[in-house]
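Trainee: Could we go through the charged pairs in this one? I'd like to hear the reasoning behind the labels.

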Amino acid sequence: MKKNTLYLAASATLGLMVSLLLAGCASGPTVAELDALTDRIVKASFRTQGIANVERVTATDETNRACSEADAIGKRLDEKTAKAIEEANFKSIRWPADGKFVGDWRQGEAIAQNGRGLTWTDDAKMANGGNCYNCHQMDKKEISYGTIGPSLYNFGKLRGVTDVNSPEAKAMLEYTWGKVWNAKAYNACSNMPRAGHMGILTEAQVRHVVGLLLDPQSPVNQ
Amino acid sequence: MNIFANWAVPLALTLLSALPVVAQKTASQGIDEYRAMLADGNPAELFEAKGEDLWKKARGPKNASLEKCDLGKGPGVFKGAFVELPRYFADTQRMQDLESRLVTCMEALQGWDGAEIAKTPFGQGEQNNVTALATWIASESKGQRFNLSQNHLQEKTFYEVGKRLFYQRGGTHDFSCASCHGEEGKRIRLQDLPLLSKSPGDGVGFAAWPAYRVSNGQMWGMQLRLNDCYRQQRFPYPGFGSDATIALSTYLGVNAKGAVSVAPALKR
Amino acid sequence: MADPMRIRAQAAGDKTTVRVLMSHEMETGQRKDAAGKTVPAWHIQEVTATHNGKQVLSAEWGTAVSKNPFMQFVIKGAKAGDKIAVTWKDNKGDMRTDEATVT
Amino acid sequence: MQSRRETLQHSVAVAGLLASAGFPQFVHAALNKNAFEAKSVQDAVKAAGGASLIESKDVTLTAPDIAENGAVVPMGISTGLPGVKHLLLLVEKNPLALVAIFQSSEALENNFLTRAKMGQTSDVYAVAIMADGKALWAKKEVKVTLGGCGG
């Protein structure tokens, strides 16, 4: 069988660019060849800038790799793979060291509003935002909210949290913490970032966001 | 006596005298109204005019115009070129989008250093001129339908690579293009997000850029649009005219087949 | 030298609507640069317009007018073929005049 | 307060520039510097010659209910009233309230549109200063939203 030849050569006109030459193909490259070519194009196209290291795209983890692949072919992950990914992510959740799940909802609201941090124009020293309103409705007074994720208005109220210190609330506290810390622990290919796991939010920030979601005094639950 | 003391008093009266029970407008209706008020007088026109001038003017080390530039439909043909890009170019033996092709022409015809332009940050020096040129070239295809070629093997290959890039999750937030543009009817904050894995319709998504951004008063070509998407995705920096950006553009452009171009548009 | 304006002057009945886009930074003087230094105000301060050489418009702008400004005004009695010229001048003394024909 | 001497020097300089460049003469001699330096709507209107403030249905303010971005907010003022001297657009919560002054002219309709920056949700005012010093106003709240990814 005649093999398709794929190779990359530096472009004569633009040094940064790479050119793809395909010789002698009738049928075009195979899926595996396209996957390999995509990897090479990614390596040649992206570079580290500021705090955004190139490894963020050349060395993604198994969760992202499996979900990207499934997305590209338009299929859901098979149940076994999904379970394994969820379990691995669940294991990585860091629970609050002092057992305190609920922080200050006011600070949580500020974090939820803030969409900044971790881009190549951001400073590593500044506190990152949680990006929550980009995708979710939360406080009803904020009309500028996204719809990529479900509405979180009345999140705690709808789940019957009337006292965050009560034993009945414990399970919901843990779930909410875990979901914010690592959403992929509950849904392998969730669109939601893994705020704690990926170091987007600190433990203290996650606590405030949980407060925003569960504190009966929080505007989310009014 | 302060003559301005009564300034705020009539407010209550104003409210009371307002028309009885006007149904409350939703935020998105309000935004639509706002956009309609801006529709007439898009500052992109300023960049169109500049781009047309740059096309015709003798410039660069060779003191030549770009009027013999081949954007894919033959030397000097600019009408309709935009809605067929990116495409494969035999002379450079590579896939090129509008902006990278303009740089090739600026190098070949005018004698600029293309690599130098590619390295120049957006909004500076000759990059500004590339954006203005792209704005004008795009405006010359206004009202035409996107129709990218998928005949050449490289065009098909780049579509396939672009599709993989579209779904590639990465960065600190695990975002892919599809995180925001993979479902119909979603929005980020108040902005509607076009579904880009198929044709999002006339004048939406790929068919709207270059566009003037009101939020920062800048003219953005597709290269900068993609660059800033990647920035917000918390990805590393995609090189100007890099194969990743062109493969992704090919995927978006082919998906947009049949959509009417409104570029240059006016965006948030 | 600043980039040219875009002027559209369209007659309808006995009125001509003039729409002008100007190329200008319109820096407010309130913004700080990356190094934390205040970027000095730089904005169009005066705008005038003439109809066949006779002044019809005089306006003054502050720093709050948007970048790449837009302005619309309505001239009584202008007709197709008439000349409309617009001039702006900024707080650094830079100025620019462009002309358009009423259509 | 701008001194008379400064004012004169300034207008001479402008006239000189205009004459040398062949540009049309500016009709008004001095800029309303104080009005543009005023922080509040009230002070700006006062500095621009408005004495008594009266709300008026005869002054129309055109502005959206909501702005997708505060960097560009369309706003306009119009009135069919006779005896208008100046037309002003102002944003109450901007650091400097006054956006623009348009001189009323025989040759123009009293109908002007422009676009302004707004730092936050605020009342926008349209004020017509009449020949007798009355300042007739209309106002509207424009909500400025945070858009995009917020980064």
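Mentor: Sure, we'll take some salt bridges and the burial of their residues in turn.

Mentor: Keep in mind that this is a predicted model. The predictor gives the complex an ipTM of 0.84 and a pTM of 0.86, and chain C averages a pLDDT of 95.

Trainee: What makes Lys141(A) and Asp139(A) a salt bridge?

Mentor: Their side chains come to 3.6 Å, N to O. The cut-off is 4 Å, so the pair counts.

Trainee: And why is Lys141(A) called exposed?

Mentor: Its relative accessible area is 68%, and exposed means over 50%. Asp139(A) has 8%, which is under the 20% limit, so Asp139(A) is buried.

Trainee: What do Arg59(B) and Glu126(B) tie together?

Mentor: These two form a salt bridge with the closest N and O atoms 2.7 Å apart. Arg59(B) sits in the loop between α3 and β1 of chain B, and Glu126(B) in helix α6, so the pair joins parts 67 residues apart in sequence. Both residues are buried.

Trainee: How do you know that Lys67(C) and Glu25(C) are partly exposed?

Mentor: Lys67(C) has a relative accessible area of 22% and Glu25(C) has 36%. Partly exposed runs between 20% and 50%, so both values fit. Their salt bridge has its closest N and O atoms 3.6 Å apart.

Trainee: Which residues are linked in a network of salt bridges?

Mentor: Asp61(A), Lys184(A), Arg194(A) and Asp174(B). Over all chains, the structure holds 42 salt bridges.

Conventions: Residues numbered from 1 in each chain as written. Chains lettered and ligands numbered in written order. Predicted model: local features only at pLDDT ≥ 70, side-chain atom pairs only at ≥ 80, totals over all residues. Heavy atoms only, no water. pLDDT = per-residue confidence, 0-100. Buried < 20%, exposed > 50% of the residue type's maximum accessible area, 1.4 Å probe, protein only. Helix = DSSP H or I, 4+ residues; strand = E, 2+ residues; numbered from the N terminus.
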